[in-house]
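Colleague: Hey, I'm new to this one. Can you walk me through it?
Modeller: Sure, here it is.

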Amino acid sequence: MADYRQMWADLNMDLEKHDVLCEVLPEAFGGVFLSQEKRPEGMDFYDFVVSEIHGVRPSELIEHQKQGGKVFGTFCVYVPDEVVFAAGGIAAGLCGGSQFWVPGGEKVLPINTCALIKASVGARLDKTCPFFQIPDMYVGETTCDGKKKAWEILAGEVPFHVIDIPQMKRDKDIAAFEGEIMEFIQIVEKVTGNKVTPEKLGQGIKLINEKRRALQRLYNARKATPVPISGKDALLVTQIAFYDDPARCAQMANRLAEELEQRISQQEGVFPADAVRIMVSGTPMAIPNWKIHHLVETAGAAVVVEEACTGTRYFENLVDESGQTLEEQVRALAERYMKTNCACFTPNPGRIDDIIRMAKEYKVDGIIDVNLQFCNLYSTESYLVKQALAEQNLPSIHIETDYSEQDYEQLRTRIEAFLEMLRK
Ligand code: SF4
Ligand code: SF4
């Protein structure tokens, strides 16, 4: 890795603590990713990004700030990035996926908070992640109680805007979300000093749609048998998409998809054609959380799709690009975002429909419904998910886990037993 110590020092990071993270990450990445066989060449870019994970993109964000631009750190797929880019800002996803940050979060949060929230708060309070140090503003949402209250703590650190996400999807809720987007536009205009015109918002919508199209194309390739890319590699692409430059993200995902399409035409796969095909469904897997994918794939099965925010929820559904006025565009944004089916909504039958539809599209043999421990929303919803899948004769297991390694062997046993059952 190039030397970024001065940049980290300028960001007021705890360099000593951060060194510990820098030491463990390459080894973890090597063990999980570089040990795989027949990886697509297009993964080179993503390997490079990880090798410079706290250097290359943070330095781009800082350069943007030096040119007078603003950076917005976000925590959820309901934040309309289009608005930020329309105002000449950059939106970068911040969700923490490492156990390294969890103890820092536990200093101020109840222990029975999900690892994602604890890691996100810990990364900021411990000053061990440049992405958390850089933003001019954090943008949170009211999706779950843990997040809502964590924002109040983080608001003591960084200017914070909270978008109120409805909990139902009636017309009046979508109208309320339109109001939230309008307010967000005003906030972003104020922070950046730039006006969000219909022309600019139209460009922002196209930019983010292009990213979505590229990721859709990549995921389409995963429907093939044999599957041309591992689940771990596909997950890594989506995880990086959260903070990479959207145009470059689209370009790299398209390049990779093209290679995968060639592999498909030559019937080339990373797993044998008869490998068990798994859908992972549930709570997000923020980088560097590769735990379940690694367990499944080292047991010889392939993860072919993630029904998760670090998966299809991130890029399914495009925003209608035909709006000419700000009102029309904001309506289109609200409609698109309200199609995303997070367990924070009640009722949430759309998510179950998505899982069943995708199980068919991706020809999955079984579903692993994975929830972060202490995520009440997804854990409670898992009851209805299981019931609906059983009605469709789709085998599934429910797993609750966190970022630690403590339950690793126990999970391995459960996952191997599930895969064995699917092989019979
Ligand atoms: S699971 Fe829900 S709250 Fe979490 S990132 Fe996804 S949409 Fe947002
Ligand atoms: S995993 Fe669950 S508890 Fe954690 S942030 Fe997402 S919705 Fe909230």
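Modeller: One term before we start: two residues are in contact if their C-beta atoms, placed from the backbone, lie within 7 Å. Also, this is a predicted model.

Colleague: OK. Which strands does helix H9 lie across?
Modeller: H9, residues 145-154, lies across S3 and S4. Its angle to S3 is about 160 degrees.

Colleague: And what order do the strands of that open sheet come in?
Modeller: The order is S2-S1-S3-S4, so to speak from one end to the other, and the pairing of these 4 strands is parallel.

Colleague: Which strands stand at the edges, and why is one side of each left without a neighbour?
Modeller: Those are S2 (90-93) and S4 (160-163); each has a single partner strand, so one side has no neighbour in the sheet. From one strand to the next, the twist averages 25 degrees.

Colleague: How many bridges join S1 to S3?
Modeller: There are 3, between residues 71-74 of S1 and residues 137-141 of S3. Threonine 74 has valine 139 in S3 as its bridge partner.

Colleague: Switching topic: what do S7, H18 and S8 make?
Modeller: A right-handed β-α-β unit, with H18 covering residues 376-391. S7 (366-372) and S8 (396-401) run parallel, joined by 6 bridges. Isoleucine 368 stands opposite isoleucine 397 in S8.

Colleague: Last thing: which residues are around ligand 1?
Modeller: Among them are Cys76, Tyr78, Thr143, Cys144, Pro284, Cys309, Cys342 and Cys344.

Colleague: How many in that shell are nonpolar, polar or charged?
Modeller: 8 are nonpolar and 2 are polar, with no charged residues.

Definitions and conventions:
Residues are numbered from 1 along each chain as its sequence is written. Chains are lettered from A and ligands numbered from 1 in the order in which they are written. This is a predicted model: local features need pLDDT of at least 70, side-chain atom pairs count only at pLDDT 80 or more; totals for chains, interfaces and linings use all residues. A residue is near a molecule or strand if its C-beta atom, placed from the backbone, lies within 6 Å of it. Ala, Val, Leu, Ile, Met, Phe, Trp, Tyr, Cys and Pro count as nonpolar, Asp, Glu, Lys and Arg as charged, and the others, Gly among them, as polar. Two strands pair if DSSP finds at least two bridges between them. Helices (H or I, at least four residues) and strands (E, at least two) are DSSP runs, numbered from the N terminus. A crossover is right-handed if, with the strands pointing away from the viewer, the path from the first strand over the helix to the second runs clockwise. Axes are lines fitted to C-alpha atoms, for helices over the stretch in contact, and angles run from 0 to 180 degrees between N-to-C directions.
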